[in-house]
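Biologist: I am new to this structure and would like to know what stands behind the words used for it. Could we take the terms one at a time, setting each value against its definition?

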Amino acid sequence: MVTLAEVARHAGVSASTVSYVLSGKRSISAATRQRVRDSIERLGYQPHAGARALASSRSRVIALMVPLRTDMYVPVMMEIAVAVATTARTHGYDVLLLTGEEGPSAMRRVMGSGLAEATILMDVQLDDERLPLLRSGGRPGVLLGLPADPSGLSCVDLDFAAAGALCVDHLADLGHREVAVIGESPGVYARHTGFAERTLHGLRAGAAARGLDLLHRPCEGGYDTLSGTLARIFDERPGTTGFVVQNESAVEPLLTLLRRTGRAVPEDVSVIAVCPEQLAAQASVRLTSVAIPAQELGRRAVERLVAQLDGAGDDGVELLTPVLTVRDSSGPAPRFTA
């Protein structure tokens with residue numbers, strides 16, 4: 001590995017001058033600064049991260065807490081994580097990925113060690129136990145999600161309540177009056193995960209405003225589990241003609257089960273999903289959907305955090321406006337239902 005001393009010899013300057021060029025702590029003439037940078041590029045010198053952090057009191061590392069739970073759709077979580085990492089690099093930061101479910105203990109470890117100088121939290125719950133530490137830790141942080149009380153916090157997310165209302169409005173405009181919601185796994189609601197709770201709130205508020213009967217059923221998402229859930233829905237509400245799905249693992253099983261029970265989509269039953277654009281477009285029936293803008297969420301979270309690190313950011317909530325794309329899975333309610 002090339003050392004700082006070798007860069008100094010190559011550039012014909014002292015080691016301290018190379019250090020000052022790297023840190024920006026002292027004014028160096030433009031000619032000398034350019035000569036040092038040319039030597040750094042030619043020799044392929046990489047500053048030692050630990051030494052750089054000690055010298056500047058900045059690690060240039062962002063901690064991303066993304067618990068990979070078995071009841072969550074991991075591809076969306078990882079798409080956001082990749083967007084965070086790539087955006088962070090454009091600003092000169094690396095990302096430390098924390099995938100466990102340690103919660104506050106992981107935050108204490110990272111904040112106490114100085115491994116990272118800022119934190120992004122994902123999988124945010126309404127009463128998330130990590131938030132008191134974030135508020136009192138004295139380090140910049142951004143939530144990719146919205147808790148019940150966002151005061152004093154910087155948050156960015158999709159407006160899931162508006163997304164739920166948008167789905168209900170679309171079905172109501174098509175004449176549907178009985179709607180069933182295939183929700184996330186029961187564990188997601190048991191933890192009071194923010195995005196799921198807020199979508200449900202939007203669905204219920206929208207249904208009440210439009211005079212729709214709404215039935216919500218959490219579901220693990222597999223074929224066998226969904227088969228039982230779907231049978232119970234039609235037993236309770238045989239007139240159900242509209243479905244809203246917020247469970248990526250349930251999308252294809254639902255479409256298959258509807259076909260097998262003799263219900264055509266969208267002639268007999270309409271289906272709307274809150275899911276990634278790619279999943280909706282590539283389903284066996286192209287789904288009308290509200291997209292989850294994973295890459296945009298990751299990018300905006302990093303930009304809010306970098307603004308804080310540069311002393312230009314502030315607290316507040318940024319909710320992205322949901323967009324509903326109409327495809328092949330939604331149509332007018334059938335005139336005669338059971």
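Modeller: Let us begin with a cut-off: a residue counts as buried when its relative accessible area is under 20%, and as exposed when that area is over 50%. Please keep in mind that this is a predicted model.

Biologist: Why is Ser39 called buried?

Modeller: The relative accessible area of Ser39 is 2%, and the cut-off for buried is under 20%, so Ser39 is rightly called buried. Ser39 sits in helix 3, which covers residues 30-43, and, leaving aside neighbours within four places in sequence, Ser39 is in contact with Val7, His10 and Ala11.

Biologist: How do you know that the length of helix 10 agrees with what its 17 residues should span?

Modeller: The expected span is 1.5 Å times one less than the number of residues. For the 17 residues of helix 10 this gives 24 Å, and the end C-alpha atoms are 24 Å apart, so the two values agree. Among the buried residues of helix 10 are Gly194, Phe195, Ala196, Thr199, Leu200 and Leu203. After helix 10 comes Gly211, with a positive phi near 75°.

Biologist: What makes an empty space a cavity rather than a pocket?

Modeller: In a cavity a 1.4 Å probe fits but cannot get out, whereas a pocket is an open set of points. The structure holds two cavities of 30 Å³ or more, and the largest cavity has about 330 Å³ of space. Its lining is made of 22 residues, with Met72, Val76, Met77, Phe160 and Phe195 nearest the centre. Helix 5 (74-90) and helix 10 (194-210) are the elements that give two or more residues to that lining.

Biologist: Which classes of residue line the largest cavity?

Modeller: The lining of the largest cavity has 14 nonpolar, three polar and five charged residues.

Biologist: What lines the second largest cavity?

Modeller: That cavity, with a volume of about 30 Å³, is lined by Val181, Tyr189, Ala196, Thr199, Leu200, Leu203, His216 and Gln246. Helix 10 gives the most to this lining, with four residues. By class, five of the lining residues are nonpolar, three are polar and none is charged.

Biologist: How many charged residues does the lining of the second largest pocket have?

Modeller: There are seven charged residues in that lining, alongside three nonpolar and three polar ones. The second largest pocket has a volume of about 160 Å³, and, of its 13 lining residues, Arg69, Gly103, Gln125, Glu129 and Arg130 are the closest to its centre.

Conventions
Residues are numbered from 1 along each chain as its sequence is written. This is a predicted model: local features need pLDDT of at least 70, side-chain atom pairs count only at pLDDT 80 or more; totals for chains, interfaces and linings use all residues. Side-chain values use heavy atoms; hydrogens and water are left out. On a 1 Å grid over the protein atoms alone, a cavity is a set of points where a 1.4 Å probe fits but cannot get out, and a pocket is an open set with protein on both sides within 12 Å along at least five of seven lines; lining residues have an atom within 4 Å of a point. Grid points are joined across faces, edges and corners, and a volume is the space filled by probe spheres set on the points. Ala, Val, Leu, Ile, Met, Phe, Trp, Tyr, Cys and Pro count as nonpolar, Asp, Glu, Lys and Arg as charged, and the others, Gly among them, as polar. Buried means under 20% relative accessible area, exposed over 50%, partly exposed in between (1.4 Å probe, protein chains only). Contact means heavy atoms within 4.5 Å.
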